[in-house]
Every structure is written in structure tokens, then in C-alpha cells.
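This briefing walks through a set of structural features, starting with ligand surroundings and then turning to sheets, helices and chain contacts. Please keep the structure open alongside the text while reading.

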Amino acid sequence: GCGSSRTENEGTQEDTAKETENTDSKENTVSEGDSFLIGVASPNNKVPYFSKLVEGMTDLQEELNVELDVQDAQDDTNTQINQIQTFIAEGCDLIIMMPVQLESLIPIAMECNEAEIPIMTVDRKLSASDPKDVGVDLITHVGCDDVEGGRKQGELVHQLLGDEGSIALIQGTLGASSQVLRQQGLEEYLSENAPGIEIVAAQNSDQDQSQAITVTQNFLTRFAKGEIDAIVAQDPYSALGAVDAIKSASRDELLGTVIGYDLPSEVLDSIKAKDMYGSTLQAPYDMGALTLQVAYQCLTEGSEEIEANTYTEIPVVYIENAREYDPAW
Amino acid sequence: MRESIAISSKKLKSSDKKAITMLLIMIVMIVISMIISPTFRSTTNLLNILNQNAIYGVMAFGMGVCILTGAIDLSAGSVAALAGVVATPLFRDYGLAAGLIGGLGIGALIGLVNGVLVMKVKVTYFVTTLGMMSVARGAVFIITNGIPIQGVPREYNVIGMGKIAGSIPTAALIWFLCGIAMYLILKFTRFGQQIYAVGGSERAAWLSGVNTDRIRIAAFTICGFFSALGGLLLNTRVLMATSDAADGYELTVIAACIIGGISMDGGEGNILSTIVGTIIMGLILNMLQLLGISSFWTDAVTGAIIIGAVAIDSLSSKKRE
Amino acid sequence: MRESIAISSKKLKSSDKKAITMLLIMIVMIVISMIISPTFRSTTNLLNILNQNAIYGVMAFGMGVCILTGAIDLSAGSVAALAGVVATPLFRDYGLAAGLIGGLGIGALIGLVNGVLVMKVKVTYFVTTLGMMSVARGAVFIITNGIPIQGVPREYNVIGMGKIAGSIPTAALIWFLCGIAMYLILKFTRFGQQIYAVGGSERAAWLSGVNTDRIRIAAFTICGFFSALGGLLLNTRVLMATSDAADGYELTVIAACIIGGISMDGGEGNILSTIVGTIIMGLILNMLQLLGISSFWTDAVTGAIIIGAVAIDSLSSKKRE
Amino acid sequence: MKHITKKFGSVRVLDQVNFDLRAGKTHALVGANGAGKSTLMKIIDGIYVGYEGEVLIRGKKVKFKDPMDAQSAGIAMIHQELDLVVNLDVASNIYMGREMTSGRIGHILKRKEMQKETQKFLDNLGFDLRADEITGDLSPAQQQLVLIARCVAMDASIIIMDEPTSSLSFKETEELFRVIDRLKKLGKSIIYISHFLEEVFRVSDRITVLRDGQKINTLNSEECSVQRIVDLMVGENKNIEKKFYRNMIFGQTVLEVKNYTGYGTAVQNISFAVGKGEVVGIAGVVGSGRTELVRTIFGADRKREGELLLHGSKISVKSPAEAVRLGIVLVPEDRKAEGIIRKRSVGDNLVVAAYKLCSKLGIIQYEKLRQRAANMMDYMHVVARGQEQEIETLSGGNQQKIVIGKWLTISPEVLIMDQPTRGIDVGAKDEIYELINQLAEEGTAILLISDELEELINLSDRILVMKKGQFVEEFDNSKRSVVKTQLLEAMVG
Ligand SMILES: Nc1ncnc2c1ncn2[C@@H]1O[C@H](COP(=O)(O)OP(=O)(O)OP(=O)(O)O)[C@@H](O)[C@H]1O
Ligand SMILES: Nc1ncnc2c1ncn2[C@@H]1O[C@H](COP(=O)(O)OP(=O)(O)OP(=O)(O)O)[C@@H](O)[C@H]1O
Ligand SMILES: [Mg+2]
Ligand SMILES: [Mg+2]
């Protein structure tokens, strides 16, 4: 059955017991002829990236004849746990999680295991270490993670500035996992590959373009020409804000040095116009679609065939290769 | 001349009426939910609702006391987060008691500071608690550097998420026990009655020999304490302390208090009815999810129901004399 | 008998004293900033500060009026976002006037609904505006599906971010012009006078034959209007409407009003002093960023300074008694 | 008004009351506390809208939906409670709702003119008030004058005055009477409510007596006497004029005030003492500083200099709580803002000071408390539906009894009363006098401030006269021999 443990090597007697039970329950659902009910725990639909990702799933639900219950945690871990508890009570056949915080869903994930509801994660990982190590059975993880995205930003910076330089960082929402992990990835990459590049300032914009303008204006006041070489933003709209501020302050030397995250059409246009240097590309819509396909596969064919990690690539898009890409939304 | 004293018609106070209306609204909501959603009726779901809302519930006791004295505490959410941050390493390294003492202690301490700022330094409660909301959240950021602190022992999960004695959700049990304690305190102690007196009219209470400074400082302290308790329930629920924990909970909690019939002007309301308010808020979310309402609609519908519930109450008691 | 008239000691009202203390605090902050940060003094930076805070500034006028009548409007941030969402397609398809009318219109409309709910349906302002905060944000969500709406013509950027007449930031200009208009209305019209009366004592005003319903509904409407104006400044600043725009701005705006000396109890305060409050808030952030204070410290320091500024005022006026 | 019946919940407060007011006449409405006078007037003024019966003005049936409505029909009312917008100045209050404006759109205020007009108007009325003063800074008496001026300025044809003189002293009362005479000459109809029956006879043409929500009778003023009215009000024969003599046993000083000086000029270098069982009266004109003085003693205002001795030992009283702990209590002047605890019940208000006495380890012993409250309600003859009734729904006089009764539950050593009989009906007043007398006999030291000089003379053993923050004269009144004119001279002269 789908919910059965993939980790045969670690399978205990309990696991085996679960497996048999679960086969029964699965047969029940199928025989009733219902469509599958899949719970989707999104961290924050106000972030376009996630609303697009969810859209990728919902657009596919009719085709696959599954029913989605999408819940938005509005960036609150506790709310997310509540929503997943309700998924369990509802008897969801599978739960797709995008944890608000790394590690925070481990206890509830274990509850899902206990209730024999298969779970998978998308885009955001359940824990820093392998889920098995913390005792959670996970079908798979689809997508890439924020640390990787942060490293990609580092690559872009490296590529733009060479081995030396000063950058200013516009953080997203302080303490949100996207902010923490992307910064971690960026710092990791730089210290490993380009220790000469220094983050000389970091301020948060709450992923708010208007505040990003303010933050950038203050960067520009603080750092005269030549004191910073690039601005890295942790979300696309803050990157756009940075470009706005640079333009309005006529600091043309910084045009084409802003590095963003994600690739909505305005960001791609901005890169094509050489206002922005580059950004990372994760196609949330496609990732959503892929996720649902994997979920469906699990529900219909069982999880044996599914890879533990279904990584998608994070290409970097920058001035030179921008023409080859389409916007993510 | 004065026989009329004996009339004594035992009429309900308006705040009691309000609490009863809200209780009825809650019951109606539950009945409707039971009819339209089979999942809703499952014991698991009902217990889930209790457990899920325990955090808001205990925080509402503190906030309720604060509102009874005529103030609100905007720092509640931040204090909850800070309590988690302080308690987590203590839980990890020194065990349950240390974590509880540390977490609840810091909460009460911040509440005390709020109270002193309001009463002794005469900064309005709004500015004080709004400022403290920033300060406490800032402290969380400074301590954590934005990175979640791990390490609450897994067995403590039973507090925030588990059940004891078979099927009683621990958090819900804590919630109700605290409720009963607060009810008794407010009703049967001198301190409790003075809270109401201060909320009714601070000046008159002061002139009646009530030590209003002490009462209101104590109210803020209690509020800090319960905010911290909420934070610790959260903390043992997710087994970590994040810097954005309990963000914005204060507004939910205030709403729960008001829906429960605690008057914003102070001096009126039953602390137990915050439980009703909290559950109404929780029910709305639960039902929206069970009915499969798109999450894009959740905000709008929640807001409308909150206004609606209170409007039903006001319309039913509105007729001018 | 009447010699006493001539004495006319022209005593300052306590709210005026407060405004002056805050003005002094602002000036001291500016002077200190100028001394410790050379970049602070640059004209660009000073103009930036004005432009950056214009959004909060105009929203504070609406909120200020609302607070003067003794209420607060928690829906301000959501209304700003909704105004942007409504205005953006209008800007794109029908031009500036249509967008302004649509955006400001929806803001005023929501304010009106708030007012009617509070005054006619008798739902407390806290519940009404908290509920409306959810409803308006929900509407934004439903309309946008969480994905930003593009298409504000680039030339409108001059409103939110540009300068006119050489070097005057347009947004700041709008801010100050609105300020003057509101000042004149509150000071010199009957409506303004009655706003203060209702805030001072709603009952007494009502007994005196003031149409308190109309006044307070109008105050909420004005608040909605200015929230929407803030939203449109934001909208033309970033040239799009996002679903999380202006999230939480209401608390900043309320803080700006109170720091500016508008009393939370209503009836006292000068609307122009919200400008001082707004600038103090903006200055704090500006200085922290220019000094390169880690953003992890921003919250804590901001909170402490807000409390501190108001504490200075209370301590200095406490001594006077 | 015909067959007016008003119920609050199931309680009938007015029962089939008929009342007719004739043009150009003054009609007094009297009755004991809680008889329903204010309620009846609030019905005319559009404050209460749910009632049975009808209101007719010049034969036309009217039903006002709010005070604004009533105003436009030419009705103006002075409310019993001092409902002023305290953050605005006198002129703004007087013109509230009828502001002078110019400009077709926007209604531009003519602030200067309003100030000027107001000042002229006040001077004309003979009120010692400044148009630009913030009303919140005024004493209750001055606030009352503002309300009177406001009401007169409205130029209404029917003017309702609900206890306009309860916080006025004789001087302002005289001014009010002059105003009323003038209004009468202008053909205005006036309804006048008061517990001072002499006043009632002085101003009114006809008198209606209410008792327990029922109209008892309407009489022509010339045809009846104070005693008759009292009998009608109370429903029994009752003698009200008497003086209280006691066997004075003082000698032992309880409270001694030495060189008290407050901030500002209201209290300057005041010294006096009160003995066990002694009643010391303080007389003075409005604004002479009596309230400030007692508030300072009570710890409600801060003193700059001076010391306080209780039983000969120095004490420091920095807050009312400390004063109460030491057995010094104050019945405040401003009942609405300082006396009653809003939203709480009658019982809660009565026992607010007694929690300490009726609790063990902080746990309240409800039985004891209820008993105390019940005893006190009996003792004070409070008219209420029971301990649960909300204090704000009590009639003014009964609220006052609660405010006094609150202190009696804890048997204070020093009882300070600032205008304790304000708004209290004649019968109840008498009871309060008796009460004061009894307390003094039991050994309580009493400090009594009153604008009613008879009251001071009948009760006090000594009378101190205060003027501009200082004691100017002291009268020995152990024989109740001081006469009013003596006091007046000292107060004003
Ligand atoms: N809002 C209310 N709810 C319930 N009872 C009320 C309310 N207002 C007044 N009452 C009751 O109505 C009765 C009449 O009150 P009212 O104020 O008219 O008396 P009054 O004759 O003016 O007395 P006083 O001389 O003390 O002012 C009182 O018994 C009072 O308790
Ligand atoms: N809060 C205040 N601010 C300014 N002046 C005040 C204040 N309180 C009292 N005063 C002034 O102090 C003086 C003494 O007032 P106080 O109330 O003690 O007089 P009083 O003799 O009790 O008069 P009343 O008969 O009006 O009660 C008055 O001139 C009054 O206007
Ligand atoms: Mg009355
Ligand atoms: Mg006085």
C-alpha cells in the first residue's frame, strides 16, 4: 500500500503490522469509488511563489480525479499543525506538507505515520537531517530547498563580482525559514568559494517592496559610490524595490548588480533590461504539478517506485542567459 | 417608607446576558457543524479543537484580566515567543521544572515591567505594550539570531500535543484548570474583586482605598504569565522556539475575550466566557477547513463571522430604553 | 468682577504641551543624528525620510481622527491593500482619475461600513475593525489569488516615489497638504469641533444635541479614506498591488498618532502632531539602518525608543503637577 | 404628558403619570429619591424612547427620538449629572450642537465670536465664569453654572432643570433664581426639580409630587406649605426641622492638621484639629479650597508642606489607600466620577472598602460581605431592587447613600464628607443627619463640608470658615447658636 514504509531496512514488527492494516484501509477507499482527498499544507499563500505552487496542484486535480484540501498557515507553525491535525481527522489519503519552519512538523508528521497517512514534503524540507533519522516516514521530498537557493544566489554574486567585493543584503521576513535558510546558503557558498566577498550590511524588508525601497535608499545613503558592489534580495519584489531605489537615486553604477530570488515576469524583464543582474528560477507551478503527479502515483501504484528525493534543478538566470527562460509566473 | 428594598428581582447583569448569548451562538455553531460535517463530530476532531485552541485559551485568561482592568496587552504574542526562547535551552539542559520556571518567570517579569511603566511612569498602556511587543520580539531575534532553537525533549510533546489518562488532551486540560483557577481567584478573592472595581472606575476605586497601582500591575503580571504559558504550550507543541512564534496572537486573543463578553471598557465580564470566545474562533477555522472552503476565502469569512456573532448579540440587546 | 478675563494666562492645554515635548524630542533626535552620522545630513536622506514615511503619515491623519473620537481602526492596513488592488486595474485601463476614485472610494466605503457597524449595529469598534481587517484582507486575497496585480502605468511612479518641481518629493507634498487640510477642518469647522466633543464625552455631546452617530461614522469614513490614500501612495510607489501590502501598518500608524500626542481616550490632540509622531518613528528606523545596526536589533531598539520618548513626556509632565 | 408608564425590565418606574406644564409658568416636580422625577424628564427630552403613554406639546403628540430632536422642538434640559465635554472650553460647551458658523460649505466656526458672545452672555447672567476656560478644570459648582448657561442660551420654550442647585452654594443659587425670574418674564415654561423645598416655593407656580412612580398630587404653590409637601412625598407625617445636640465628650484629639500647604494656591498653611465625637464644619464659597484641603488630607492630592497627626502621632498619608488603612475616609464631592464604581452592582459598591475585613487570607467571605451590605442598605434606607442592581441605574440620591454607606461598613475613625447631602431628598437628608449625629455620638471624628449653612449649623460643634485657601474665622457652635448671617459675613466679607 501507499502508506507502507519504504524503509524496509529499518522496518520493525510494528511497521509490518501497519502495512497490513493500511492495505485494508486503502482497499476501502478505492472500493467506495471516491476520489482521493489530499491535504496540502501551504506555509503562506500571500507569497506568490506558494500561491503559484498551489495553483500548479489545483489545476491538475480534476484531471487526476483527486480532491485537494489546501490550507494556508499564514506563516504560523501552530496554525499549520492545527491544519494537519484536521487533515488527519478528515481522513485525508495523503498529506503534502510545506513546513513553515524546519523541524517544526516532526511531531505531527509522526502522528500522520501513526494514522498511516502517507506524507510528502514539497519545496520546504521537514528537517535538516534525513527524516528517517528523526523517525519520520516520508514518501518523498519534491523540489529544492532554500539553502540551495541561497547558494545559487551566492553563485550569481561570485559570477558577477569575481573573488572580491562588498554586498548588501535585503532580508525577507526576519526569522521566517525562507530568510534564515537562504541567508545560510548564501553565506555558506561565499565562505567556501569566495571568501573575499563580504556582506557589509543586512536589513529586512518583510518581503515588502515599499520597505525594500526604503532599505535600499538607506543603503545608498550609507554607502557612497564604490562602497558596495551589489545588492542581494531574498525575494523578487524586494529586488524590484532595490532597482527602483537605485534608479530614483541615480546611482547608475549599481544598475545591473541587483540579484533577486525567484523569477516573476517583472524580474525577468528587469534582468533583460539589465537593471537587475540575475535571479534564481524555481518554477513553482511546474513543481506543484509534479508534486501532485507524484502524490497520485503514490496513491494508485504505491510508493515503492518513488525516489526519496525528487529534486528539481534551480537554474540561475542572469543578463547573459535571460533570453532562454520564461518567467515562473 | 422604604419597604421597596425587598423587591430583589435577581436580574442578570448585562455582561452575563452577553456571555449566555455567546454560549448559545457557540452551541448553535456546534450543532450546525455536526449536521453538515460528519468529520466534525468525530471525537478526534472535537478533541483536536480543544487542544488546538488551548494556546489561545490560556493566553485569553491573562488578556481577559488585563481587559477587565481596562487595558489591553499588545505584547502578549511576543512574550509568548520570548518565553519559548528562554525555556527551550532550560528544558534541554535542566529539565521540565527549570524550563517552566524560566519561561513563566520571564513572562511574569515582562508583565511586571509593563505594569510599572503604565502605573508608575504613566506611559499609556497602548504605547507601553506596543513598545514591549517590539522589545520582546527584538529580544527573541537577538537571542536566536532568527534561527530556531531546537532541543525541547520529545517527551514534553505530551504537554503541547499529547493526551494523558487515555484520551484527555493535556493542553486542553491545562487550559480548563487554569480557567477554573482564574475564575475562583476573580470571584472569591479580594484581589479579584478589586480587579473588577478598578476596571469599573479606576478613580473611584482609588478613592475607595483600593491600591490601584498594585492591582493593575498585578493584572499586567498575570497577563505576562499566561502569555508565557501559552508560549510554553506552543513550545512543547512544536518542540522548538522560533523567532516568529505566536506572531499576531494578541489580536486573536483579544478578539476571543471580547467575543466572550469581556467589555473593552473594563470591569465587566466573566473570565470563563473567554473559553467560549476562544472556541468560537477555533470553530470557525475548523469548519471552514472541513467544509473545504478555499483558503483564499478563510480571512474574509472569519472576519465576517466574528462581526456577525457580536452583531447578533448587540442586536438582540440593542433596543434603546 | 471680570478682571480675571484680562489675566488670560493663555495656558497651554496638556495635549499641546505633549505635542511640544514630542516636537522637542524629534528635534533632539535629528540633531543627534546629524552629529553622529554625516550621511544623515545629506539632503537626499532627509528628503528620503519624508518620502518614505508619507504612506504612514497620511494614514495617520485618518487614524488620528478616529482616535480623536475615541476609537481605533485596526483595518487600516488591509484597507490600504484593498485600495491598491481595486485601483491598479483602474489605473491601468482607465487612467489616473478612475484609479483614484475607485481606490479612495472603496476605502471610504469600508470606513463607512465600519462606522455603521459601530454606531448603528453597536458592535464595539475593536471587533468591527478587527473583523474588517480580516474581511478586507480576505477580499484582497480573493481578488488577487495571492499573485500581485501589475500594470500601474510607470508615469504614476512620480506620485509614490518621484519629485515634482525639481526636488520636492510628491508623496511628502501630498502628506503635508493633507495635513494642513485636516488641521483646518478639525480646528475651524463645526464638524471638527464636534469630533473633539464626541471624543471628549460622547454622552455629553449627545445630550447637547450633537449627532454623534453621524460624527463618528464620518470619522471612520475619513479613516478609511486616508488608509486608502496611503494604499495608493504605496501602490504608485511599487507600481503593483500585492496581497500582503501594508500588512500590520495599522500598529505603526497608531503608534505614530499616540507619540504625536493624540490621546487614546479621545478628544485631545493636534492632528498635525501625528506628523511629528510619524517622523520620529521613521527617524528611528533611518538612523538604525544608517548606523548599520543589525536588523535583529531593530525591533528591540525601536520599541525601547518609543516607550522612552513617551516616558520622557510623562515624567516631565508629572513633575509639573 | 398623559398616562406615562416606564419600565426598566420588569420594574415599573413610572406608573400612569399625568403631568401638565402651562405656558410661562414654573412647575416644580418633587419627590423622594427614586420617585421617578428624572426618568419622567428624560422621556420628555428624548433620552428614553421605550415608554407607554403620550407626550403632547401644545396639543400635538410628539415622540422625540433623541435629545437633538427634543431641542429642535424647543426643549432644553439640564441633567442631574454634570454631563459636560470636559476637554473643551466653556464657550464650546455652551454652543455645542448649535455652533456659530459662516460659509455655506464646511460650516466654518466663528470661534472668536462665540467666545465673545459667551462671555457677554455669562456676564449678563451674573455668572463668575470665563468663556475660554476648559470645563474639566472647573469645580462642580462652576460646571453646573455652565450647564445652566447652556440651557438658557438655547432659547428653548420649555426648560427642564433637574436639580440645578444641588452643587451650588447660596450665592449662585440666588443668581439662578434671578435667571429663572427673567425667563419667566420672557414667557418660558420651566420644570424645576429640587430637593430644597424652600427653593421650590420660591420659584414655582405649581408643584407636582411624585411618589414611587405615581403622581400623588399637583398643587398651587401658594396654597400649601413645606410640611404638606413633605407629607405627600413621604406618605407619612414627618417632622424635618430639628437641631442635633449631643453630650460632647471630646477633649481627646483624633486628627490634627498642621500647616498644610498644597501645590497651587487652593490650600495655604492650614492648621486645625478634630476631636473624638466632634463634628467640625467647614464653610466657604465656591472655590475657596475646601475640597482641595480635604483631598490633601485624604492623600488624593499631594501636599507641599505640613504634617498630619493621628492620635498625636505623626502619620504620612500618600495615597487614599493609606488613609483608609488608618481609618480616615472621604465622601467625595463628585459622585459620578469619584464616588460610584460604574458597572458594578450596589452590593459591590457598598463593600469595596470592606474586602479586607471580610476575607481570610485574601479569600472573600461572601456571607459576611452580603450581610454587611444588606445591613447597610437597611440602615441607609436605600431604594434599590436588591444588591444586584447596577449602581448607575440607581436614582441620584440613592447613589449618594451608597457612597456614604460604603465607608460606614468599615467604621472609620475620621469621616470626611464633602457635600454629603447633595441631591438627597428631605426625608433621606434627615436620616443622614441623624446618622452623622449617631456616628459622632459613637465617637467618630467628622469633618463636614457643606454649602447648606443650616446643615452646618444644625450638625457641627465648631465651624471653620475658609476663604481663598485659608481659614479666616472659627465659630464655636456647641450651643447651635451660630446664625447664618455670621457665617456669610465671614465667607464673603
Ligand atoms: N437605566 C435604569 N435601569 C433600571 N432602573 C432604573 C434606570 N434608571 C432609573 N432606574 C430606577 O428608576 C427609579 C427612578 O429613578 P429616577 O432617577 O427617575 O429618580 P429621581 O426621582 O430622579 O430620584 P433622585 O431624586 O434621587 O434623583 C429608581 O428606582 C431607579 O433605580
Ligand atoms: N484640577 C484643577 N485644576 C485647576 N484648578 C483647580 C483644580 N481643582 C481645583 N482647582 C481650583 O482650586 C480652587 C479650590 O477649589 P475647591 O474645589 O477646593 O473649592 P471648594 O471650596 O471645594 O469649592 P466648591 O464649592 O466648588 O467645591 C478653585 O479655584 C478651583 O478652581
Ligand atoms: Mg433624579
Ligand atoms: Mg468643593
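A backbone N or O atom of D:G34 lies 2.8 Å from an oxygen atom of ligand 1, and this distance, like every other value below, comes from a predicted model. The points that follow take the two ligand surroundings in chain D, then the sheet of chain D with its helix, then the sheet of chain A and one loop residue beside it, and lastly the contacts between chains.

**Ligand 1**

- Besides D:G34, the backbone of D:A35 offers an N or O atom that lies 3.2 Å from an oxygen atom of ligand 1, and the backbone of D:T393 likewise has an N or O atom at 2.8 Å from an oxygen atom of ligand 1.
- The surroundings of ligand 1 comprise 21 residues, of which D:K37, D:S38, D:T39, D:Q80 and D:G397 come nearest.

**Ligand 2**

- The residues around ligand 2 include the run D:V285, D:V286, D:G287, D:S288, D:G289, D:R290, D:T291 and D:E292, and also D:S139, D:A141, D:A266 and D:E333.
- Two side chains supply polar atoms here: an N or O atom in the side chain of D:E333 is 2.3 Å from an oxygen atom of ligand 2, and a polar side-chain atom of D:S288 lies 3.0 Å from an oxygen atom of ligand 2.
- From the backbone, a polar atom of D:E292 is 2.8 Å from an oxygen atom of ligand 2.

**The sheet of chain D**

- In chain D, 6 strands make up an open sheet with mixed pairing, and their order is β18-β21-β22-β15-β23-β24.
- The edges of this sheet are β18 (328-331) and β24 (470-476) of chain D, and because each has a single partner strand, one side of each is left without a neighbour in the sheet.
- From one strand to the next, the twist averages 20°.
- Strand β15 (residues 279-284) of chain D is mostly covered, with 6 of its 6 residues buried; D:V279, D:G281 and D:A283 point one way from the strand, whereas D:V280, D:I282 and D:G284 point the other way, and all are buried.
- On one pairing, β15(D) runs parallel to strand β22 (residues 445-449) of chain D and is joined to it by 4 bridges, with D:L448 in β22(D) as the bridge partner of D:G281.
- On another pairing, β15(D) and strand β23 (residues 462-467) of chain D are parallel over 5 bridges, and here D:A283 has D:V465 in β23(D) as its bridge partner.

**Helix α14 of chain D**

- Helix α14 (residues 396-408) of chain D has 13 residues, which at 1.5 Å a residue should span 18 Å, and the 19 Å between its end C-alpha atoms agrees with that expectation.
- The helix α14(D) is mostly covered, since 13 of its 13 residues are buried, that is, under 20% relative accessible area.
- Relative to the sheet, α14(D) lies across β18 and β21 (414-418) of chain D, and its direction makes about 175° with that of β18(D).

**The sheet of chain A**

- Chain A has an open sheet of 6 strands with mixed pairing, in the order β7-β6-β8-β9-β10-β12.
- At the edges of this sheet stand β7 (197-204) and β12 (316-318) of chain A, each with a single partner strand, so one side of each is left without a neighbour in the sheet.
- Helix α8 (residues 209-222) of chain A packs on the sheet, where it touches β6, β7 and β8 of chain A and runs at about 135° to β7(A).
- Strand β6 (residues 165-171) and strand β8 (residues 230-233) of chain A are paired in the parallel sense over 4 bridges, and within this pairing A:A168 stands opposite A:I231 in β8(A).
- Helix α10 (residues 265-272) of chain A lies across β10 (276-280) and β12 of chain A, at about 140° to β10(A).

**A buried loop residue in chain A**

- The loop between β11 (309-310) and β12 of chain A holds A:I314, which counts as buried because its relative accessibility is 4%, under the 20% cut-off.
- Leaving aside neighbours within four places in sequence, A:I314 is in contact with A:C144, A:D145, A:E148, A:G149, A:K152, A:T280, A:L281 and A:Q282.

**Contacts between chains**

- There are 5 pairs of chains in contact, and among these, chains B and D share the most contacts.
- Chain A and chain D, by contrast, do not touch, and their nearest C-alpha atoms are 36 Å apart.

Technical notes
Residues are numbered from 1 along each chain as its sequence is written. Chains are lettered from A and ligands numbered from 1 in the order in which they are written. This is a predicted model: local features need pLDDT of at least 70, side-chain atom pairs count only at pLDDT 80 or more; totals for chains, interfaces and linings use all residues. Side-chain values use heavy atoms; hydrogens and water are left out. Helices (H or I, at least four residues) and strands (E, at least two) are DSSP runs, numbered from the N terminus. The expected span of a helix is 1.5 Å times one less than its number of residues. Buried means under 20% relative accessible area, exposed over 50%, partly exposed in between (1.4 Å probe, protein chains only). Two strands pair if DSSP finds at least two bridges between them. Contact means heavy atoms within 4.5 Å. Axes are lines fitted to C-alpha atoms, for helices over the stretch in contact, and angles run from 0 to 180 degrees between N-to-C directions. A residue is near a molecule or strand if one of its heavy atoms lies within 4 Å of it. A polar contact is a pair of N or O atoms within 3.5 Å; within protein, one must be able to donate a hydrogen and the other to accept it, and residues adjacent in sequence count only if both atoms are side-chain atoms.
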